[in-house]
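This report describes a predicted model. It covers a helix, the pockets, a cavity, the cores and some individual residues.

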Amino acid sequence: MEEVLEKIQVDRYPAYRDSGISWLGEVPENWVIDRLKNHIELLTGFPFQSQRYADSGIKLARGINVKEGYFDWSEVCHWTSVDAYLEAFVLKAGDILIGMDGSKVGKNFCMVCEEDLPILLLQRVARMRPTKSLDSRFLYYLIADKGFLLWVEMSKTDPMVPHIAPKDIYNFRISVPPIQEQTAIAAFLDRKTAQIDNAISIKERQIELLKERRQILIQSAVTRGLPAEAGAKSGLDPNVKMKDSGVEWIGKIPEKWEVKKLKYLGKIKYGLGQPPKEKEGGLPLIRATNVERGRIVEKDLIYVDPEDIPWERDPELKENDIIVVRSGAYTADSAIIPKKYEGSIAGYDMVITPKEINPTFLSYCLLAQYILYGQLYLLRLRAAQPHLNAEELGQTIVFCPPKEEQAVIVSFINIMSQKIFTAIKCKEMEIEKLKEYKATLINSAVTGKVRVRLEH
């Protein structure tokens, strides 16, 4: 990381002048201040009719394909052929595309490469094709710069779907160095940003490995008990006898553990099917989007009017209730309700109120592979639309240690999880530093705050 985060060598230009533009500040004296419209050919896409999309042919560059700096072809639509009236919408390598609307307007952009071709441009995506005065890669970094994002924030309309118009792109003010310097700056940024992106990828993989390590830890603890050394420290017999679990791919479990169905370990009910009216300052409504592998997250959390809640349905959540996602992409994911969210309202999903088992132990069981992947995922995949119901959830097999041992296992997983979460947080902070460094580096190079030497 230290190698990637090396300090920028502040090699400045001989003379600077005030650009008169807030996001540019001072620029090298010989750089030209201009509007982007004088250096690009701009075109917005053709309104292809979706009912005529084909399974093969020429790819269509849609808004969904233009992501933050790259093309995403995970969802591809095609057009059969390029008729004469479509020739203007054929893309070339070096074209820069910008998504014209959506919550990430200004952030969603990419460059067309040879390996992406052939492509046709769809409406709501703008194509910028640089003229001879602008290097294509330099233009890419101008759009990646935080100055462009600031301009978009100032220019975009702000209805339910934020939008920028072609005139907004045209009027973006830039500082333009000589073409040879543009090429050198772009090459420098290509090298440095690739190093940074590689470092970020490594740390993201490390985070995934830490998450996998926690999954393995949970699986082992709730099917085998604690490791011998940890068990002995907790007063458990490190030489416990084992018995057959009755689950072929699990094998043996500790002799004193019981095998029970979930329906005998607590009450299962459904949340509200129809969400109440939203109200600022109302009660939190916990939905599938707020459930993330054992945690309640506040992203997209909505609040509802208490007077519009059918209280006879018993929708109120209590501490230690467990939410289980009922349908959709997150089916079978679950999270225990902490004290902070007691009194919240259950959305469409299912709620378990544990009675005959330690609630936190059960919540860990629901995250373990033998339940999540070995039982619930098999049920959710039986149809095109993933789905679970209360009867199916109630049939789930749970391995139950004596209650005293449940508490010891919970304490062990909590301690180990906290160590893992701390390590993950450190990696996430390092990633944010790398992203900040990348943004600063791009801004410094494309505005002339640092000088990139020409290679001879």
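## Helix α9 and its end

Gly448 follows α9 and has a positive phi, near 80°. The helix itself, α9, has 44 residues. From its first C-alpha to its last, α9 reaches 63 Å, close to the 64 Å expected at 1.5 Å a residue.

## The largest pocket

The largest pocket has a volume of about 730 Å³, and 24 residues line it. Glu68, Asp197, Lys435, Lys438 and Ile442 are the lining residues that lie nearest its centre. Helix α9 (403-446) is among the elements that give two or more residues to this lining, together with α1 (136-144), α2 (146-155) and α4.

Sorted by class, the lining of the largest pocket holds 10 charged, 10 nonpolar and four polar residues.

## The second largest pocket

The volume of the second largest pocket is about 600 Å³. Its lining consists of 16 residues, and those nearest the centre are Lys211, Glu292, Arg293, Arg295 and Phe421. At least two lining residues come from each of α4, α7 (369-380) and α9. The most, six residues, come from α4.

Nine residues of this second lining are charged, five are nonpolar and two are polar.

## The cavity

One cavity of 30 Å³ or more is found in a search of the whole structure. The largest cavity encloses about 40 Å³ of space. Its lining is made up of Trp23, Leu24, Leu142, Asp145, Phe172, Arg173, Ile174, Val446 and Thr447. Of these lining residues, six are nonpolar, two are charged and one is polar.

## Nonpolar cores

In soluble globular proteins, nonpolar side chains tend to be buried together. Here the largest nonpolar core has 54 residues, and Leu36, Met128, Ile143, Ile169 and Leu189 have the most contacts inside it. Helix α4 (residues 179-224) contributes the largest share of this core, 10 residues. Another core lies apart from it; this one has 40 residues, including Leu265, Ile322, Cys365 and Val398.

Which residues does Ile143 contact, leaving aside its neighbours within four places in sequence? They are Leu36, Ile96, Ile98, Phe109, Met128 and Phe148. Two of the contact partners, Leu36 and Met128, are themselves listed with Ile143 as having the most contacts inside the largest core.

## Helix α7 and its cover

Helix α7 has these buried residues: Tyr370, Ile371, Leu372, Gly374, Gln375, Leu376 and Arg380. The elements that cover them include α4, α6 (359-367), α8 (390-394) and β24 (397-400).

## Glu26 and Asn108

Glu26 is in strand β2 (residues 26-28). Is Glu26 buried or partly exposed? It counts as partly exposed because its relative accessibility is 43%, which falls between the cut-offs of 20% and 50%. Not counting neighbours within four places in sequence, Glu26 contacts Arg12, Tyr16, Arg17, Asp18, Ser19, Thr447 and Lys449. One of these, Thr447, also lines the largest cavity. Between Glu26 and Arg295 there are 47 Å in space, C-alpha to C-alpha, and the two are 269 residues apart in sequence.

Asn108 is placed in the loop between β7 (96-99) and β8 (109-111). With a relative accessible area of 15%, Asn108 is buried, since the cut-off for buried is under 20%. Beyond residues up to four places away in sequence, Asn108 touches Val66, Lys67, Glu68, Leu97, Ile98 and Gly99. Glu68 is also one of the residues nearest the centre of the largest pocket.

## Backbone features in loops

Leu117 and Pro118 are joined by a cis peptide bond, with omega about 0°. Pro118 is in the loop between β8 and β9 (119-121).

Asp300 is not a glycine, yet its phi is positive, about 65°. The loop that holds Asp300 runs between β18 (295-296) and β19 (302-304). Ala332 is a residue other than glycine with a positive phi, near 85°. Its place is in the loop between β20 (322-324) and β21 (334-336). Ala332 counts as buried, at 1% relative accessibility.

Note on methods. Residues are numbered from 1 along each chain as its sequence is written. This is a predicted model: local features need pLDDT of at least 70, side-chain atom pairs count only at pLDDT 80 or more; totals for chains, interfaces and linings use all residues. Side-chain values use heavy atoms; hydrogens and water are left out. A nonpolar core is a set of buried Ala, Val, Leu, Ile, Met, Phe, Trp, Tyr and Cys residues joined through side-chain atoms within 4.5 Å. Buried means under 20% relative accessible area, exposed over 50%, partly exposed in between (1.4 Å probe, protein chains only). Helices (H or I, at least four residues) and strands (E, at least two) are DSSP runs, numbered from the N terminus. Contact means heavy atoms within 4.5 Å. On a 1 Å grid over the protein atoms alone, a cavity is a set of points where a 1.4 Å probe fits but cannot get out, and a pocket is an open set with protein on both sides within 12 Å along at least five of seven lines; lining residues have an atom within 4 Å of a point. Grid points are joined across faces, edges and corners, and a volume is the space filled by probe spheres set on the points. Ala, Val, Leu, Ile, Met, Phe, Trp, Tyr, Cys and Pro count as nonpolar, Asp, Glu, Lys and Arg as charged, and the others, Gly among them, as polar. The expected span of a helix is 1.5 Å times one less than its number of residues.
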